[in-house]
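Visitor: Please take a close look at the aromatic pairs in this protein chain. Then place them in the fold around them.

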Amino acid sequence: SPLTGYALQTDFFITCEYWADHDGSIAKFEYFATFAGNTNAYGLSYDDKGNVSIKLPAGPSNLNYQLTVFVCVFDDLDTPTEFVISTPVTVNVNET
């Protein structure tokens, strides 16, 4: 949250609650953004708690400034599980 903001100004909060690993423990969370039609993922942040406050880059203007955020959750064996946040985030260019 929020789902709309301004590039490099708005604090976007990502919270990963209730993650559990059936045969170990959660070691870290890595946060990424992608743009529609682009297979490259852009690293945003990482932590070991599952809670971050980050400033996002603007999405592409031809895609209405939208980007998709996803999280890779790693267990203590460094095995990732990817979780895509289903609602795109709109990150506008600051017009002031």
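Guide: Here are the aromatic pairs, followed by the strands and the whole chain.

This is a predicted model, in which local features need pLDDT of at least 70, side-chain atom pairs count only at pLDDT 80 or more, and totals for chains, interfaces and linings use all residues. Residues are numbered from 1 along each chain as its sequence is written, and side-chain values use heavy atoms, with hydrogens and water left out.

The structure holds three aromatic pairs. Rings of Phe, Tyr and Trp (its six-membered ring) pair if their centres lie within 6.5 Å; planes under 30 degrees apart count as stacked, over 60 as edge-to-face and the rest as tilted.

One of the pairs is Trp-19 with Phe-83. Their arrangement is edge-to-face, with 6.3 Å centre to centre and 80 degrees between the planes. Trp-19 sits in the loop between strand S2 (12-15) and strand S3 (26-34). Phe-83 belongs to strand S7 (residues 80-84), 64 residues apart from Trp-19. Strands here are DSSP runs of E, at least two residues long; helices are runs of H or I, at least four; both are numbered from the N terminus. Trp-19 has 33% relative accessibility, so it counts as partly exposed. Phe-83 is also partly exposed, at 44%. Buried means under 20% relative accessible area, exposed over 50%, partly exposed in between (1.4 Å probe, protein chains only).

Phe-32 and Phe-70 form a stacked pair. Their centres are 5.1 Å apart, and the planes differ by 15 degrees. This pair links strand S3, which holds Phe-32, to strand S6, which holds Phe-70, 38 residues apart. Phe-32 is buried because its relative accessible area is 17%. Phe-70 is buried at 9%.

A charge also meets a ring. Lys-28 lies over the face of Phe-74, at 4.8 Å from the ring centre. The test requires NZ of Lys or CZ of Arg within 6 Å of the ring centre and within 35 degrees of the ring normal.

Now the strands. S6 (residues 66-75) pairs with S8 in the antiparallel sense over two bridges. Pairing needs at least two DSSP bridges between the strands. Leu-67 has Val-89 as its bridge partner in S8. S8 (residues 89-92) also pairs with S1 (residues 4-6), in the parallel sense over three bridges. There, Tyr-6 is bridged to Asn-92.

Finally, the whole chain. The protein chain has zero helices and eight strands. Buried residues make up 32% of its 96 residues. Its C-alpha atoms fill a box of roughly 50 × 25 × 20 Å along the principal axes.
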